[in-house]
Amino acid sequence: MHRNHILSGLAFMFLLSLAGCSGNDDGQPAGTSMFNPNLPGAQNTGEPGGDTTAIAGLWDGTTEVDGASDVVYWNLAANGVLTRYDYQQDGAPTASGENCYVVGEPITVTPEGGADYSIFDVAVTAVRNGDSLTITFIEADKNDLDSDDDTTELPTFVWTLLATPVLDDLNSCTLGTSMSDDPQADGNAASIPAPDGTVGGDQSPFPAGIDWSDISQYTGTDKPYITRAECT
């Protein structure tokens, strides 16, 4: 009898162990995405996430901040890459006053079926109604997409499709497409290709054939790009 009691007790403990393992499998680890649970440990690559043609466009995400319009445009490419353009001459408290746009790092947007998408590793729904796009977060905005320092909210964004300006009009505040902490990458003449395509030496970093005395004549893709360090 004593031996049977021991065996029965061991069998009961084994069943409890199996039940516990099954419960962990059904649960979702805390802090992971509903759609992409394996991504939070990785870095956003900004690579195309898939076909987002249904919601693609250059969208106006301008908001009111401390009584001023914070002009922000979002370009969502048809291949699933989202890029933020923050205008710096809009009077917003954090704007530099320059007539240019701070271009954010590209963000991967992945279609998850129907109106479901993930913006990097955060699940959202995105519904387009004509020239309006409504993005509703299903889980917390842990990456602070709207840059309001709140990473626990579940925001809803309503963006309007832009006719003007167009993407080519959104001139970057620095050479290239994004800000950099490396002066060699952003502003050193030795790192900028000369008109003949070579890099380095004492050659001028400025593009050839530009009339710098009247820079306002250039628009769109014709705008020459220089860095703050080069602008004197």
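1. Buried means under 20% relative accessible area. Asp121 has a relative accessible area of 2%, so Asp121 is buried. The coordinates discussed here are those of a predicted model.

2. Overall layout. The protein chain has two helices and 11 strands. Along the sequence the order is α-β-β-β-β-β-β-β-β-β-β-β-α. Of the 232 residues in the chain, 32% are buried. Contacts with a separation of 6 or more were also sorted by sequence distance: 47% of them join residues 24 or more positions apart. The exposed surface comes to about 13500 Å², and carbon and sulfur atoms supply 54% of that area.

3. The largest nonpolar core. This core holds 20 residues. Leu82, Ile119, Leu133, Ile135, Phe137, Leu145 and Trp159 are the members that touch the most other members. Strand 4 (72–76), strand 7 (107–113), strand 8, strand 9, strand 10 and strand 11 each give two or more residues to the core. A second core lies apart from the largest one. That other core has nine residues, among them Val71, Tyr73, Val103 and Leu170. As background, nonpolar side chains in soluble globular proteins tend to be buried together.

4. Leu133 within the core. Which residues does Leu133 touch, not counting those up to four places away in sequence? The list is Ile55, Trp59, Ala126, Val127, Arg128, Phe157, Val158 and Trp159. Trp159 also appears with Leu133 among the core residues that touch the most other members.

5. Salt bridges. The count is two. Side chains of opposite charge can pair when their charged atoms come close. One pair is Lys142 with Asp121, where the closest N and O atoms are 3.3 Å apart. This pair links distant parts of the chain, 21 residues apart. Lys142 sits in the loop between strand 10 (132–137) and strand 11 (156–161). Asp121 sits in the loop between strand 8 (116–119) and strand 9 (122–129). The two partners differ in burial: Lys142 is partly exposed at 30% relative accessible area, whereas Asp121 is buried at 2%.

6. The other salt bridge. Asp86 pairs with Arg84, with 3.5 Å between the closest N and O atoms. Both Asp86 and Arg84 are buried. The backbone oxygen of Asp86 is also reached by the side chain of Gln88, at 3.1 Å.

7. Gln88. Where does Gln88 lie? Its place is the loop between strand 5 (81–87) and strand 6 (101–103). Is Gln88 buried or exposed? Relative accessibility is 7%, so Gln88 counts as buried. Beyond neighbours within four places in sequence, Gln88 is in contact with Thr94, Ala95, Ser96, Gly97, Glu98, Cys100, Val102 and Cys173. Cys100 and Cys173, both on that list, are joined by a disulfide.

8. The disulfide. A search of the whole structure finds one. A disulfide is a covalent bond between the sulfur atoms of two cysteines. Here Cys100 is joined to Cys173, with an S to S distance of 2.1 Å. The torsion about the S-S bond is about 95°, so this disulfide is right-handed. The link spans distant parts of the chain, 73 residues apart. Cys100 is in the loop between strand 5 and strand 6, while Cys173 is in the loop between strand 11 and helix 2 (183–186). Both cysteines, Cys100 and Cys173, are buried.

9. Thr94. This residue is in the loop between strand 5 and strand 6. Thr94 is exposed, with a relative accessible area of 67%. Thr94 and Asp70 are 24 residues apart in sequence and 8.8 Å apart in space, C-alpha to C-alpha.

10. Backbone geometry to check. Most residues other than glycine have a negative phi, and most peptide bonds are trans. Three places deserve a look against that background. The peptide bond from Thr164 to Pro165 is cis, with omega near -5°. Pro165 lies in the loop between strand 11 and helix 2. Phe120 is not a glycine, yet has a positive phi of about 55°. Phe120 is in the loop between strand 8 and strand 9, and counts as buried at 12% relative accessibility. Asp144 is likewise not a glycine and has a positive phi of about 55°. Asp144 lies in the loop between strand 10 and strand 11, and counts as buried at 16% relative accessibility.

Key. Residues are numbered from 1 along each chain as its sequence is written. This is a predicted model: local features need pLDDT of at least 70, side-chain atom pairs count only at pLDDT 80 or more; totals for chains, interfaces and linings use all residues. Side-chain values use heavy atoms; hydrogens and water are left out. A salt bridge is a side-chain nitrogen of Lys or Arg within 4 Å of a carboxyl oxygen of Asp or Glu. Buried means under 20% relative accessible area, exposed over 50%, partly exposed in between (1.4 Å probe, protein chains only). Helices (H or I, at least four residues) and strands (E, at least two) are DSSP runs, numbered from the N terminus. Contact means heavy atoms within 4.5 Å. Accessible areas come from the Shrake-Rupley method with a 1.4 Å probe; for residues, only the protein chains shown count as cover. A nonpolar core is a set of buried Ala, Val, Leu, Ile, Met, Phe, Trp, Tyr and Cys residues joined through side-chain atoms within 4.5 Å. A polar contact is a pair of N or O atoms within 3.5 Å; within protein, one must be able to donate a hydrogen and the other to accept it, and residues adjacent in sequence count only if both atoms are side-chain atoms. A disulfide is a pair of cysteine sulfur atoms within 2.5 Å.
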